[in-house]
Amino acid sequence: MNRAVQAAMAERGHTADSLAAQIGVDPKTAAKWASTGRIPQTRHRARVAELLGRNVDELWPDALKRRTPAWFRQWTEIEREALSLRWFEFTWIPGLFQTKAYALATLVGEALTPAEADDLAEARLSRQTILRRERPPLLVAVLDEGILRRTLDGDRAMMREQCERLAEQATLPNVSLFVVPADVGMYPGLGGPFTVAEMPDGARVAHVDSQAQAQLIDKVADVATLDRRWERIRDGALSRAQSLNLIREAAASWT
């Protein structure tokens, strides 16, 4: 049996019948998810993981290994255990805030089949469960305004939904969201996105992205460099209230 699924069901008070009712499948199908090697269909995985209060890769670790690089699996473990995350982005909406449609749009042009793209999007969305658990991490995110103004093939509905989701997430008690407005001009964040995680033992680990692959950094001096850059980026951002207003204005602009 899949002990991780069994334990999560017991912890959350779920049975095969209760899961089936909320997912919309036959109870016999839901019962199979607690068996080793039996994985929910792609369209169901994230929802089942959410109901069980776990990440997809905790419940079915083999489901995503074919497409997920080892270094990123390591980062998801760090992200899941972190007490706090400080995240700067100027390319995409952070994965912890993305809608399914937006996640799929970021994968357009990659050498992926529709099923592979769907798996990667679902894996990304499954990470969002950390924001809804009993003791979520403190997430402080700073975004470049350009992210709110950029769409794919004129898909205005997708961007409206994404900006509305972002505004909703910005009101969570454990989330602080800031936007660097376009009129700031050049600023240190243009050097690239990064995230710094603070761990329970006091250690700090950074995730720095690139076109080829991301890098995990734990050297104290290197993380300190990112800390200084973070402070300079944060200084150029709007206040929390002003940022939320700008996000809502961006959502309205996509109607």
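This is a dialogue about a predicted model and the words used to describe parts of it.

Trainee: Why are helix 9 and helix 11 called roughly antiparallel?

Mentor: Helix 9, residues 156–169, packs with helix 11, residues 240–253, at an angle of about 160°. Angles over 145 degrees count as roughly antiparallel. The two helices are therefore roughly antiparallel to each other.

Trainee: How far apart are the axes of helix 9 and helix 11, and what is the hand of the crossing of helix 9 with helix 11?

Mentor: The axes are 8 Å apart. Helix 9 passes helix 11 in a left-handed crossing.

Trainee: Which residues of helix 9 and helix 11 meet?

Mentor: From helix 9 there are R156, R160, C163, E164, L166 and A167. They meet L244, I247, R248, A250, A251 and S253 of helix 11. By class, this contact has seven nonpolar, four charged and one polar residues.

Trainee: What makes M159 buried?

Mentor: M159 lies in helix 9. Buried means under 20% relative accessible area. M159 has 0% relative accessibility, so it counts as buried.

Trainee: What is M159 in contact with, leaving aside neighbours within four places in sequence?

Mentor: M159 is in contact with Y102, I147, L148, R150, T151 and W254. In addition, M159 and A250 are 8.9 Å apart, C-alpha to C-alpha, while 91 residues apart in sequence.

Trainee: Why does Q169 count as buried?

Mentor: The relative accessible area of Q169 is 8%, and the cut-off for buried is under 20%. Q169 is therefore buried. Q169 too has its place in helix 9. Residues up to four places away in sequence aside, Q169 touches L96, F97, L131 and V175.

Trainee: What makes D153 exposed?

Mentor: D153 is found in the loop between strand 2 and helix 9. Exposed means over 50% relative accessible area. D153 has 76%, so it counts as exposed.

Trainee: Why mention the phi of D153?

Mentor: Most residues other than glycine have a negative phi. D153 is not a glycine, although its phi is positive, about 50°.

Trainee: How do you know that V5, A8 and M9, which are buried in helix 1, are on the same side of helix 1?

Mentor: V5, A8 and M9 cover an arc of only 100° around the axis, which puts them on the same side of helix 1. The face turned away from that buried side carries the exposed residues R3, A10 and E11.

Trainee: What makes W33 buried?

Mentor: W33 lies in the loop between helix 3 and helix 4. The relative accessible area of W33 is 5%, and under 20% means buried. W33 is therefore buried. Not counting residues up to four places away in sequence, W33 touches ten residues' worth of neighbours such as N2, V5, I23 and W60 among others. W33 and A16 are 8.6 Å apart in space, C-alpha to C-alpha, and 17 residues apart in sequence.

Trainee: Why is V196 called buried?

Mentor: V196 has its place in strand 4, residues 194–198. Its relative accessible area is 4%; the cut-off is under 20%. V196 is therefore buried.

Trainee: What does V196 touch, not counting residues up to four places away in sequence?

Mentor: V196 touches S84, L85, R86, R204, V205, A206, V223, L226 and D227. One of these, L226, is 8.0 Å from V196, C-alpha to C-alpha, and 30 residues from V196 in sequence.

Notes:
Residues numbered from 1 in each chain as written. Predicted model: local features only at pLDDT ≥ 70, side-chain atom pairs only at ≥ 80, totals over all residues. Heavy atoms only, no water. Axes fitted to C-alpha atoms, helices over the stretch in contact; angles between N-to-C directions. Helix = DSSP H or I, 4+ residues; strand = E, 2+ residues; numbered from the N terminus. Parallel < 35°, antiparallel > 145°, perpendicular 65-115°, else oblique. Left-handed = near helix turned anticlockwise from the far one by under 90°. Contact = heavy atoms within 4.5 Å. Nonpolar A, V, L, I, M, F, W, Y, C, P; charged D, E, K, R; others polar. Arc of directions from axis to C-beta. Buried < 20%, exposed > 50% of the residue type's maximum accessible area, 1.4 Å probe, protein only.
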